[in-house]
Amino acid sequence: MIGVFTYLAWRSTYNRVARQARQLRNPRYLAALAFGLTYLWIVAVDQRPERPPQILVGARWLELVGAVGVIGALLWGWIFGVERRVLAFSPAEVTFLFSGPVTRRGLVQYKLLRNQVLILFNSLLWTLILARERFGASPWLRAISIWVLLTTISFHRLGASFVRTSLLEHGRIALRHRIVSLVLLGALVIGVAWSIKDAMPDLAPGWAGGLTTFLDALTDAAGRPVPRVLLAPFRAMVRPLAAHTLGDWVRAAGPALGLLVLHYVWVIRADAAFEEAAAEAALRRARVTPRERATPRLAHRRLPALFRLAPVGWPAQALLWKNLLAVVRSRRARNVAAALALAAVVAGLLSFQAPGSVAEVAGWLATTWAGLSIVIGPQWVRNDLRSDLLKLDLLRSYPLAGRAVVAAETAASTLVLTGLQIGLLLVAYFAFLGNAHMDPPLGLRTIALLTVVACLPGINYLGMLIQNGAAILFPAWVHLGSGRPGGVEALGQNMLIIVAYSALLGAGLVLPGMLGLLTFALLRDAIGWWALVPGSLVLLAGIAVEAAALLRWLGGVFESTDPAGAEIAA
Amino acid sequence: MIEVEGLEKQYGDFPAVRGLSFAVRPGEVLGLVGPNGAGKTTTIRSIAGIIIPTRGTIRIGGHDLAAEPVAAKSLLAFIPDEPHLFEYLTVEEHLRFVGRLYQVGDVDGRIPGLLAELDLADKRTALPGELSRGMKQKLAIACGLLHSPAALLLDEPLTGLDPVGIRRMKATIVRRAAAGTAVILSSHLLHLVEEICTRVLVMNGGQTVAIGTVADIVASRPALSGRRLEDIFLALITPDGDARP
């Protein structure tokens, strides 16, 4: 059966790549490829300095920091179960494989095989990104090390997803089948929590002393008995990557490969247990609750008055309304909104009771995430053309100018991302609210908050135009749909995309930003910090001019895109 | 209402449609028939403004589709064979969404009647994921009919409908045409075409093979006299004109 799976995976990948390569007959795609290769060259080759860079000093922490990162990635998988998409089958796979003489274990093996395409591609990217002078013994060994690490993480998160799914669906029955996994997880969580608590007195001063001091403190803390045992398997996964000679690598590769095999066995066995648990639960359900279970919940479909769509007005607003509705209806958006509101209230209360501690950490974290979301956010929020281009036929049949379609679609994701950022900034604002000693003072912080809140929609709109523009210009190459390749396996490609996007957004903001700063500098002496207001208005005006030009161009491209020739990639 | 002149669509070296010209007047139902790959869907999608023709002119209600796409499309409704729906919009919200796109002022007044006409009244709050294939098709049809289009383009409109739905759909098409809508209907169901179309356009290899009423087509080929549309169709598209099974 593995031969059939290999054939299917290989031919599907080959045909997909061939289809995308055919686009190179279009000069636009050819230019994009040239740009991409140049970008990769700069990232992977041209970056190598003649003498060892300063970051080499950091290589001695690679194993420890990497191990901590792996723990974070794995815990994330346990908490959020993000690997469900690995087991998402296409309609064709369901039709041919589920009805065919293929065992469930065979299906899992097939999906693991398909996931290898993504892992191998990202292993290659990471191999290029992590230049030889910095990490690893040789490019080949580095590539193998990265592949082993990413595959092990992928297997682990898939196993975690099985356990989660089984617990959520089959409750106590699944608990018995998962007891070993859950005991190990529980021991890890307790051990990590205890270790952090134990090391906190040393880590906190380390943090205050800067990154190097903190990493030294972390190294000391990791050397204690309990953390050393807990970290051992995770360090083993990362160790081959940090090996500098062939001998070191061979010694490190054994345990890493052993862990990989163990994870494979766990995933396959976990699936078998899942199947048994499912069968058992199905029998029990049939005995105890024969009535129909699935009843659609209509409460979520009632909309607040704010979301009522008037029958007349700007026609493209219907697209904006539709895309916002998709977010408002999603459980995740509701959970995030509720969590931010709760965090703002709690952080605000804590800021008065214990200034300078938990609230302050929460404040800085929220500020950091708000800032990062400018560049990472467009990867998460995709309720725009990146989702709707899959329905290009439908969009093209509407009586709307291409410019209006692009404007409305982009506005939807901009509003959602801006809402998320404002939520994070409000958490930060409230977290610092009670801190009377903080510099800048509350008044200035309020002005800064209002200025940032005013500027964010413009900056985000420009950013989302870049993202949507990429989808319009290169529909055959940009991943379309609400989901996107994610997880640690796709981290390499996502990182490259984020860096390239940041550079484009930065370039777009240079001129408006300089004009805004100039306005601020000219008026600062006259009206003090209030000069931020006219400065931000000038910034927004500059962005508006750029956005209008982009909309005009992209609208034209949208209107001239032939759905039959676009070969849209879902 | 719908005027097509010298329509051509080329995919690389492959000509999907070649020099197609015809017109559909208000109240007329033109049946578009032809074997697979004849160019029917390309033609209908070009008229809907989805595909950009390589050459030729398409006018809807006097508006050139290339020069005034928004004005032309606002008179049109395109109902594809595969219903494209938005997963987070309920049945009623789909209609409100389309109502706003086409600026239907009395959308509240039209929705109940349309839902009743298409047997969707008890599905107002259902999401597409909760609808059967036929129900989804009915919703796509309702979306197309909401703004009372002057030109209606139907690509295999009966796909997925049950017998009751088929009968209702046929009645709806006839009623809309009687009210002055110009209809183009692409279908492989020749009995449907024969039953409700006032004229037939037979395509093969991207070209017009015959156009007119069934009587006109038979009159131009006396050998086909007394045959049903299915026999006429087979005779027209097979190289030797053989209509035998």
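Two strands count as paired when DSSP finds at least two bridges between them. With that in hand, here are close-up views of a predicted model.

**View 1. Strand β7 of chain B sits between two parallel partners.** On one side, strand β6 (residues 76-79) of chain B is joined to β7(B) by four bridges, and the two run parallel. On the other, five bridges connect β7(B) to strand β8 (residues 182-186) of chain B, again in parallel. Look for B:Asp155, which stands opposite B:Ser186 in β8(B). Towards β6(B), B:Phe78 has B:Leu153 as its bridge partner, while B:Ile79 is matched with B:Leu154. Together with helix α6(B), the strands β7(B) and β8(B) form a right-handed β-α-β unit.

**View 2. The side chains of β7(B) and β6(B) point to alternating sides.** In a regular strand, side chains alternate between the two faces of the sheet. Strand β7 (residues 151-155) of chain B is mostly covered, with five of its five residues buried. Here B:Ala151, B:Leu153 and B:Asp155 point one way, and B:Leu152 and B:Leu154 point the other way. The neighbouring β6(B) can be read likewise: B:Leu76 and B:Phe78 point one way, B:Ala77 and B:Ile79 the other way, and all are buried.

**View 3. B:Leu153 is among the best-connected members of the largest nonpolar core.** That core holds 145 residues, and those touching the most other members are A:Val427, B:Ala142, B:Leu153, B:Val183 and B:Ile184. Its largest share, 19 residues, is supplied by helix α16 (residues 402-431) of chain A. Zooming in on B:Leu153, and leaving aside neighbours within four places in sequence, you will find contacts with B:Ile44, B:Ile47, B:Ala48, B:Leu76, B:Ala77, B:Phe78, B:Ile79 and B:Ile184. Another core, of 29 residues, lies apart from this one and includes A:Trp126, A:Leu150, A:Leu231 and A:Ala236.

**View 4. Two assigned domains of chain B meet.** The domain assignment splits chain B into domain 1 (1-75 + 150-245) and domain 2 (84-148). Their C-alpha centres lie 26 Å apart. Domain 1 of chain B brings 11 residues to the contact, and domain 2 of chain B brings 10 residues. On the domain 1 side, helix α6 (residues 163-178) of chain B gives the most, with four residues. The residues on that side of domain 1 of chain B are four nonpolar, five polar and two charged.

**View 5. Chain A and chain B touch through 27 residues of chain A and 28 residues of chain B.** On the chain A side, α11 (317-329), α15 (392-397) and α20 (563-566) each supply at least two residues. Helix α11(A) has the largest share there, six residues. By character, this side of chain A divides into 16 nonpolar, four polar and seven charged residues.

**View 6. An open antiparallel sheet of four strands is found in chain B.** Following the sheet across, the order is β2-β1-β4-β5. At the edges are β2 (14-24) and β5 (63-64) of chain B, each pairing on one side only. Strand β4 (residues 55-60) of chain B meets β5(B) in the antiparallel sense over two bridges. To find your way along this pair, start from B:Arg59, which stands opposite B:Asp64 in β5(B).

Note on methods:
Residues numbered from 1 in each chain as written. Chains lettered and ligands numbered in written order. Predicted model: local features only at pLDDT ≥ 70, side-chain atom pairs only at ≥ 80, totals over all residues. Domains from an automatic or database assignment. Contact = placed C-beta atoms within 7 Å. Nonpolar A, V, L, I, M, F, W, Y, C, P; charged D, E, K, R; others polar. Core = buried A, V, L, I, M, F, W, Y, C linked by C-beta atoms within 7 Å. Buried ≥ 20, exposed ≤ 12 C-beta atoms within 10 Å, placed from the backbone. Right-handed = clockwise from strand over helix to strand, strands pointing away.
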